[in-house]
Amino acid sequence: MNLNDVIRRFALISGLEGEELSRWLPVCVDAMAEVHNLATAKALSEEASCRRLSSLAGVLAYYRYVMYAGENVKSFGAGSVSVTYSDDTLKSAEKMWETEFQAVSELLKPSDFCFQRVRI
């Protein structure tokens, strides 16, 4: 896997650039490490598979970015910086993660993990 590929995917999805993007690099590094731990040794040894896994890590970083940045923020402005999130943004990020995860499932170690929702 390649950290630059992870960062490029995260930047593409999040729309962040420059200094704002660099603030979130630790999240990209953590996402890459997590995906690395989920991947099979064979997938990690193949260049094409590593590109797909890097994409997955970028999406995971974005999902966490949305969670950390405040899923319930509707609008925030400070000078020329404006952030607008809603529950829809978090749901969209979660769906993106689930879709990307399923798309590379053959590159991942088997697990008992599954996505489920619990309503109370």
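Arg-8 is exposed in this predicted model, with a relative accessible area of 54%. Its side chain meets that of Asp-5 in a salt bridge, at 2.5 Å from N to O. That pair is a good way into the structure, which holds six salt bridges and a largest nonpolar core of 30 residues.

**Salt bridges within a helix**
- Asp-5 and Arg-8 sit three residues apart in helix H1, so about one helical turn separates them.
- Asp-5 is partly exposed, its relative accessible area being 24%.
- In helix H2 (residues 18-23), Glu-20 and Arg-23 are likewise three residues apart, or about one helical turn.
- The side chains of Glu-20 and Arg-23 form a salt bridge of 3.0 Å, N to O.
- Here Glu-20 is partly exposed at 33% relative accessibility, while Arg-23 is exposed at 54%.

**A salt bridge between distant parts of the chain**
- Glu-106 and Arg-52 join their side chains in a salt bridge (2.7 Å, N to O).
- This pair links the segment after H6, home of Glu-106, to helix H5, home of Arg-52, across 54 residues.
- Arg-52 is partly exposed, with 33% relative accessibility.

**The nonpolar core**
- Within the largest core, the residues with the most contacts are Phe-10, Leu-53, Tyr-65 and Trp-97.
- Helices H1 (3-14), H3 (25-38), H5 (47-70) and H6 (87-103) each give two or more residues to this core.
- H5 gives the most, with 10 residues.
- Beyond its neighbours within four places in sequence, Leu-53 is in contact with Met-1, Val-35, Ala-39, Ala-43, Leu-44, Leu-107 and Leu-108.

How values were computed
Residues are numbered from 1 along each chain as its sequence is written. This is a predicted model: local features need pLDDT of at least 70, side-chain atom pairs count only at pLDDT 80 or more; totals for chains, interfaces and linings use all residues. Side-chain values use heavy atoms; hydrogens and water are left out. A nonpolar core is a set of buried Ala, Val, Leu, Ile, Met, Phe, Trp, Tyr and Cys residues joined through side-chain atoms within 4.5 Å. Buried means under 20% relative accessible area, exposed over 50%, partly exposed in between (1.4 Å probe, protein chains only). Helices (H or I, at least four residues) and strands (E, at least two) are DSSP runs, numbered from the N terminus. Contact means heavy atoms within 4.5 Å. A salt bridge is a side-chain nitrogen of Lys or Arg within 4 Å of a carboxyl oxygen of Asp or Glu.
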